[in-house]
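I opened this entry to look up how the strands are arranged and where open space is left.

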Amino acid sequence: MATLHDDRIEADNVAGPLTHHARGRADIPALVHDARVLTYGALAPLVRRTAAAFYDRGLAPGDIAAVAMRDSIEHLVVLLALARAGIVMLPVDWRWNAEEQAGICRHFGAKLVAGEPGVPAVPGVTRLAID
């Protein structure tokens, strides 16, 4: 049976081509941020593991997850992972305080907030630290 971790599964959305490129272009840069380069071969398994982390925290396709992150490779990995998992992404300004983030999460029904480590938890919402 195919699972989220299976390379044969390609999401029918923006995350879909990753597996294809990871097979045929593994050493080609997929993401570049400052001096950091992530190849397709490294990106595809990272996206799968991150998607699985959302499932491990109880989210399912159609659920809403807030993303409160600075511009980074990790931010793009989270967006691709949410797409792969079928989870709806709610953009939240990372500069907002915990109460502001909690208000928007309650309004839209977000079950989780993904953000950088060390950021205060959002009251009443599961937090996933992404590093």
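My notes on the sheet come before those on the pocket.

I am working from a predicted model, in which local features need pLDDT of at least 70 and side-chain atom pairs count only at pLDDT 80 or more, while totals for chains, interfaces and linings use all residues. Residues are numbered from 1 along each chain as its sequence is written, and side-chain values use heavy atoms, with hydrogens and water left out.

I looked up the sheet and found it open, with four strands in the order 4-3-5-6 and parallel pairing; strands (E, at least two residues) and helices (H or I, at least four) are DSSP runs numbered from the N terminus, and two strands pair if DSSP finds at least two bridges between them. Strand 4 (88–91) and strand 6 (126–129) are at the edges with a single partner strand each, so one side of each has no neighbour in the sheet.

I then followed strand 5 (residues 112–115), which pairs with strand 6 in the parallel sense over four bridges, and noted valine 113 opposite arginine 127 of strand 6. Helix 3 (residues 73–85) packs on the sheet and touches strand 3 (64–68), strand 4 and strand 5, contact meaning heavy atoms within 4.5 Å.

Lastly I checked the lining of the largest pocket, a pocket being an open set of points on a 1 Å grid over the protein atoms alone, where a 1.4 Å probe fits, with protein on both sides within 12 Å along at least five of seven lines, and lining residues having an atom within 4 Å of a point. Helix 2 gives the largest share of this lining, four residues; the lining includes Arg36, Glu74 and Asp131.

Methods. Axes fitted to C-alpha atoms, helices over the stretch in contact; angles between N-to-C directions.
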